[in-house]
Amino acid sequence: SEKLPKDWYSSDLYAEFGLRFIDEAVKEEKPFFLYLAFNAPHFPLQAPKETIDKYKGRFADGWEQLREPIYQKQIEMGLIDESWPLSPKNADVPDWESLTLEVKARMEHIQEIYAACVDRMDVAVGTLVEGLKERGVLDNTIIVFMSDNGACAEQGPYGRYSGPEKSGTSKSSVFQGQSWATYSNTPFRRYKHFTTEGGIATPCIVHWPEGMAEDMKGSIVHQYGHIIDIMPTFVELGNADYPVVYEGESIFPMEGMSLTLILKGKNISREKPVYWEHEGNRGARWGDWKIVAFNHQPWALFNLRTDRTELMDLSFEQPDILNVLSEGWDAWAERCNVEPWPGERNSAGQPFNIEEKYQIR
């Protein structure tokens with residue numbers, strides 16, 4: 001097997017080896033599908049020192065102060081509606097000004113490392129795009145960039161900052177933690193593991209010069225999709241048929257729907273809700289309506305058109321809508337083998353909740 005280069009960094013190599021794979025397809029004059037799953041910025045956060053140093057002092061104002069300019073920029077860009085309030089800071093996230101200088105320095109460095117991870121991933125994506133351009137295949141290649149969840153609050157308000165070497169190196173273990181995750185998830189509440197918008201609402205960026213409608217290029221689309229839509233989209237774009245049998249056994253049909261109409265500048269109409277479940281946390285969305293429930297807790301109902309930051313529970317005002325979505329969730333869970341989350345047990349024999357398991361207070 002080929003040896004890795006000296007002082008390699010994974011985000012760089014993902015792009016480099018991805019282009020080698022594309023070269024094989026171009027040489028054979030064959031279409032290609034590249035699934036490029038960057039590990040950054042997942043914990044443990046690690047990045048080259050020179051990139052970390054670029055962000056020195058950028059986060060000195062703390063998570064509370066820095067949320068506000070992000071929120072205002074999101075409104076100016078048209079990403080969110082100004083009628084949606086910025087969600088309040090979680091009560092367990094400390095006030096920045098209450099921290100000692102030593103703790104502030106540590107927390108700043110954690111976010112500088114996080115920013116460096118995102119920086120190098122961005123550079124790697126640029127390397128891939130430039131490589132496609134050099135090979136003459138960029139315009140007819142569809143690039144779909146997305147994340148699988150919102151910011152991660154694991155290890156609690158202060159995150160993790162440890163290891164035998166200075167934090168940020170390959171020997172260190174750094175987690176962003178709940179406080180900076182609150183900042184990263186502006187304007188939403190909650191985090192990865194939860195089905196509130198802070199846990200599941202992520203951007204999806206699509207680039208396809210030859211296949212996308214002209215008026216869609218550079219535009220912001222507020223129609224929602226889900227990862228289950230990627231398969232039917234690519235099946236349609238590839239003029240393929242999704243199988244119904246594999247090795248003599250019937251397989252589950254696709255759950256999602258094709259998003260190709262959006263790329264052509266048209267609206268799609270979802271006939272079925274989209275459902276979620278993660279470690280007992282549940283959710284469903286259909287049009288403007290969304291239900292959310294934490295593990296072993298009752299459902300809450302939100303209207304995302306008027307309340308995208310999910311601050312006003314309408315479950316008592318709209319019980320019929322709540323019932324339709326919750327019953328739909330139950331049917332989906334049974335159909336797709338989403339077994340009821342029994343809850344892991346702690347040393348006292350009591351069920352864990354998400355907060356306890358991941359030290360999210």
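In this predicted model, the side chain of N281 comes within reach of the backbone oxygen of H193, at 2.7 Å. A second polar partner is found at N295, whose backbone nitrogen lies 2.9 Å from a polar atom of the N281 side chain. N281 itself belongs to strand β8, which covers residues 281-286. With a relative accessible area of 1%, N281 is buried. Leaving aside residues up to four places away in sequence, N281 touches H193, F194, T195, W276, A293, F294, N295 and I354. The two polar partners, H193 and N295, are thus also found in this list of contacts.

Attention now turns to helix α4, a handy reference point for several charged pairs. Helix α4 runs over residues 101-134 and has 34 residues. From its first C-alpha to its last it reaches 49 Å, close to the 50 Å expected at 1.5 Å a residue. Just after α4, G136 takes a positive phi of about 75°.

Salt bridges come next. Side chains of opposite charge can pair when their charged atoms come close. A search of the whole structure finds 15 salt bridges. In one of them, R135 pairs with D23, and the closest N and O atoms are 2.5 Å apart. This pair links distant parts of the chain: R135 sits in the loop between α4 and β1 (143-146), while D23 is in helix α1 (residues 10-28), 112 residues apart. R135 counts as partly exposed at 28% relative accessibility, and D23 also counts as partly exposed, at 33%.

Another salt bridge joins E97 to K104, with 3.2 Å between the closest N and O atoms. Here the surroundings of the two partners can be set side by side: E97 is exposed, with a relative accessible area of 62%, whereas K104 counts as buried at 13% relative accessibility.

Within α4, K133 forms a salt bridge with E130, the closest N and O atoms being 3.9 Å apart. Since a salt bridge is counted within 4 Å, this pair is included. K133 and E130 both lie in helix α4, 3 residues apart, about one turn of the helix. An α-helix has 3.6 residues a turn, so residues three or four places apart point the same way. K133 counts as partly exposed at 48% relative accessibility, and E130 is partly exposed with a relative accessible area of 37%.

Finally, salt bridges can also be followed beyond single pairs: E197, K290, R308 and E310 are linked in a network.

Methods. Residues numbered from 1 in each chain as written. Predicted model: local features only at pLDDT ≥ 70, side-chain atom pairs only at ≥ 80, totals over all residues. Heavy atoms only, no water. Helix = DSSP H or I, 4+ residues; strand = E, 2+ residues; numbered from the N terminus. Expected span 1.5 Å × (residues − 1). Buried < 20%, exposed > 50% of the residue type's maximum accessible area, 1.4 Å probe, protein only. Polar contact = N/O pair within 3.5 Å; in protein donor to acceptor, adjacent residues only side chain to side chain. Contact = heavy atoms within 4.5 Å. Salt bridge = Lys/Arg side-chain N within 4 Å of Asp/Glu carboxyl O.
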